Amino acid sequence: QLCIEWPCLCFCFSLFIFSQHAIEIYSLHVDCKVTSRFAHTVITSKIVNRANESREATFEVELPKTAFITNFSMSIDGKVYPGIIKEKASAQKEYDTAVSRGQSAGLVKITGRKLEQFHVSVSIAAASKVTFELTYEELLKRQLGKFELLIKVRPKQLVKHFQIDVHIFEPQGIRFLETDSTFMTNDFKLNQQKINPELDETLLNGDFVVRYDVKRGAAAGDVQIVNGYFVHYFAPREMPVFPKNVIFVIDRSGSMAGRKIEQTRDALLKILQDLRPEDHFSFITFNSKVAEWKSSLLQATAENVASAAGFVQTLSASGGTDINRALLTAVSVLDKAEKLPERSVSMIILLTDGQPTSGESNVEVIQENIQKAVNGKYALFCLGFGFDVSYKFLEKMALSNGGIARRIYENADAALQLQGFYQEVATPILMKIEMQYPENAVEGLTKNNFKLFFEGSEIIVSGTVLLMVSFLPFQHASDLTLKEEANVKEKEQVFQNQSYIFGNFIERLWAYLTIQQLLEKSISAQEEDQKTLEVQALELSLRYSFVTPLTSMVVTKPADQQQTELANKPTEAGKWGIKLNLTVVTQHSCLWEKACHW
């Protein structure tokens, strides 16, 4: 059954089938509410022991890496055993005490490039029932023009009653929506879960994915307010793309030999075809030695792209890994570059699969060298190929230089992963963006300065609204000023009387975003600042009950069983009138400005 309530879309489908397992999952329900990109998902599994003796019941859920668990509980024969979120050191101390009694920990672990697994088991008596309930929240990120909601379904047995409810509410309206499932057909009929339980391959096991985007009218973005918290979404449309000056720094050390270098060649050949004629580019390859393809950047003419393709096809792998000198060489090439477009974006894209083993090998020294050389002039993106690479090293180096890090998984589609990443950063349309708000009108702002904005992405700023302020629009001779009015009562009314919306979602969105940004900022901060940032993130994690890298969930079981387990977050290494001025300053050909009168 597919239900549509504009601008809310609701997916509801159910299945009833009988199972012969002694431990039977007789009900599995996934209830997901997405309100303005913020997803709140509750997974409820009801299990009965039909054997005439005690058996172990297992609850196993795969959830997105970007999600924070917010609640977990077990209900056994009417008695509830809740999970309690504590500061990680405190929780570990409690767990260590349990370990001394011979008990063990149940941890969340990474299971794939997008997923983490939550796993807990409990023994239940004959004819007894247990209900597991897990809640997690995440802010959906816009990439390449769409948001993606992923629900993993894998009960490992036949399920009598299986149901997924997805409610998506976007006040801006939904521009397009598509679904994809590995266990259903396009008309929502299940093509898995056969009657014969002996055939494991027929059991329910797959993904349900919803992709969508919202309508965008206001050039300066959309503002939403609930209970004194605001969120500002900014994603301009139909902006010209900046020319790029990009240097690809490619690891060709011995560890890249074989499949990795082949996939790198395949990806680079496709990326070359995606360069725009106004772009400039070059290659630097490195092992124990550093080699420049050309002494300067070349324009992406058909002739130069063809020449580069010939060079890429000759790439081979051997020797050590001198990351330091390779990156310093790339910075030097950009520093000396001439005749580049006046208003263009310069970036370095590093691909490596290992630790620095040649030249400077101290990662802290390398990070310091590169940050000093880049000096805020360029963006550095670091791609770590496989799991031998020091991802933490790459992540800190990228974040310290205005870029991001990404792990490339050693699978058959590694070339597509590389190409996909390039597509995300291939279309810069704004740079040096500053979202300005009156100091006496808002506080607790999340990040409001951004080095680059790419087509198909979205900037989100959130905070609290304080009091009435006045606004005087101003003009700029060479810039475009845009204004728009919004009524707070009308905006608040949007979120009234909607049963599928949890009322404090903007406040929780603000907390989620603030925690993520504090943790990200701490990666590249000095030790003293790092501790301060982590204390702030910890306080918010505890206040809003998020399982983050700084907190753990203590799961208590019945007294006759392993009593303490930990769930840890794994890491990759308005009732008043207000007049608020929202300004977006960018180094493009325009100045975006919004005056919202509430």
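Strand 21 (residues 345-352) and strand 22 run parallel to each other and are paired over 6 bridges. In this predicted model, that pairing is a convenient entry point to a description that goes on to a second sheet and to the salt bridges.

**The parallel strands around strand 22**

Within the pairing of strands 21 and 22, Thr352 is the residue that stands opposite Gly384 of strand 22. The connection between these two strands passes through helix 5 (residues 363-374), and the resulting β-α-β crossover is right-handed. Strand 22 also pairs with strand 23 (residues 405-408), again in the parallel sense, here over 4 bridges, and in that pairing Leu383 stands opposite Arg406 of strand 23. Helix 6 (residues 391-399) takes part with strand 22 and strand 23 in a β-α-β unit that is likewise described as right-handed.

How many of the residues of strand 22 (residues 379-385) are buried? The count is 7 of its 7 residues, and the strand is accordingly classed as mostly covered. The side chains divide between two directions: Ala379, Phe381, Leu383 and Phe385 point one way, while Leu380, Cys382 and Gly384 point the other way, and the residues of both sets are buried.

**The chain as a whole**

The protein chain contains 10 helices and 31 strands. Of its 598 residues, 57% are buried, and its accessible surface comes to about 26,000 Å², with carbon and sulfur atoms contributing 48% of that area.

**An antiparallel sheet of three strands**

Elsewhere in the chain, 3 strands form an open sheet in the order 11-14-13, with antiparallel pairing. Strand 11 and strand 13 (174-181) stand at the edges with a single partner strand each, so one side of each is left without a neighbour in the sheet. On average, neighbouring strands of this sheet are turned by 15° against each other when direction is ignored. Strand 11 and strand 14 are joined over 7 bridges in the antiparallel sense, and Leu150 has Val209 in strand 14 as its bridge partner.

**Salt bridges**

Side chains of opposite charge can pair when their charged atoms come close. A search of the whole structure finds 23 salt bridges, and three of the pairs are set out below.

| Pair | N to O distance |
|---|---|
| Glu148 and Lys114 | 3.0 Å |
| Arg211 and Glu148 | 3.1 Å |
| Glu539 and Arg543 | 3.0 Å |

Glu148 forms a salt bridge with Lys114, with the closest N and O atoms 3.0 Å apart. Glu148 lies in strand 11 (residues 147-153) and Lys114 in the loop between strand 8 (109-110) and strand 9 (115-124), so this salt bridge ties together parts that are 34 residues apart in sequence. The side chain of Glu148 also meets that of Arg211 in a salt bridge, at 3.1 Å from N to O. Here, too, distant parts of the chain are linked, with Arg211 in strand 14 (residues 206-214) and Glu148 in strand 11, 63 residues apart.

Are the two partners in the pair of Glu148 and Lys114 buried or partly exposed? Glu148 has a relative accessibility of 27% and therefore counts as partly exposed, and Lys114, at 45%, also counts as partly exposed.

The pair of Glu539 and Arg543 belongs to a helix: both residues lie in helix 10 (residues 527-543), 4 residues apart, which is about one turn of the helix. Glu539 is partly exposed, with a relative accessible area of 38%, and Arg543 is partly exposed as well, with a relative accessible area of 46%.

Beyond such pairs, a network of salt bridges links Arg37, Arg142, Glu170, Arg175, Asp213, Arg216 and Glu458.

**A buried residue in strand 29**

Leu566 lies in strand 29 (residues 564-568), and its relative accessibility of 1% places this residue among those counted as buried. The C-alpha atoms of Leu566 and Met553 are separated by 5.5 Å, although the two residues are 13 residues apart along the chain.

Technical notes
Residues are numbered from 1 along each chain as its sequence is written. This is a predicted model: local features need pLDDT of at least 70, side-chain atom pairs count only at pLDDT 80 or more; totals for chains, interfaces and linings use all residues. Side-chain values use heavy atoms; hydrogens and water are left out. A salt bridge is a side-chain nitrogen of Lys or Arg within 4 Å of a carboxyl oxygen of Asp or Glu. Buried means under 20% relative accessible area, exposed over 50%, partly exposed in between (1.4 Å probe, protein chains only). Accessible areas come from the Shrake-Rupley method with a 1.4 Å probe; for residues, only the protein chains shown count as cover. Two strands pair if DSSP finds at least two bridges between them. Axes are lines fitted to C-alpha atoms, for helices over the stretch in contact, and angles run from 0 to 180 degrees between N-to-C directions. A crossover is right-handed if, with the strands pointing away from the viewer, the path from the first strand over the helix to the second runs clockwise.
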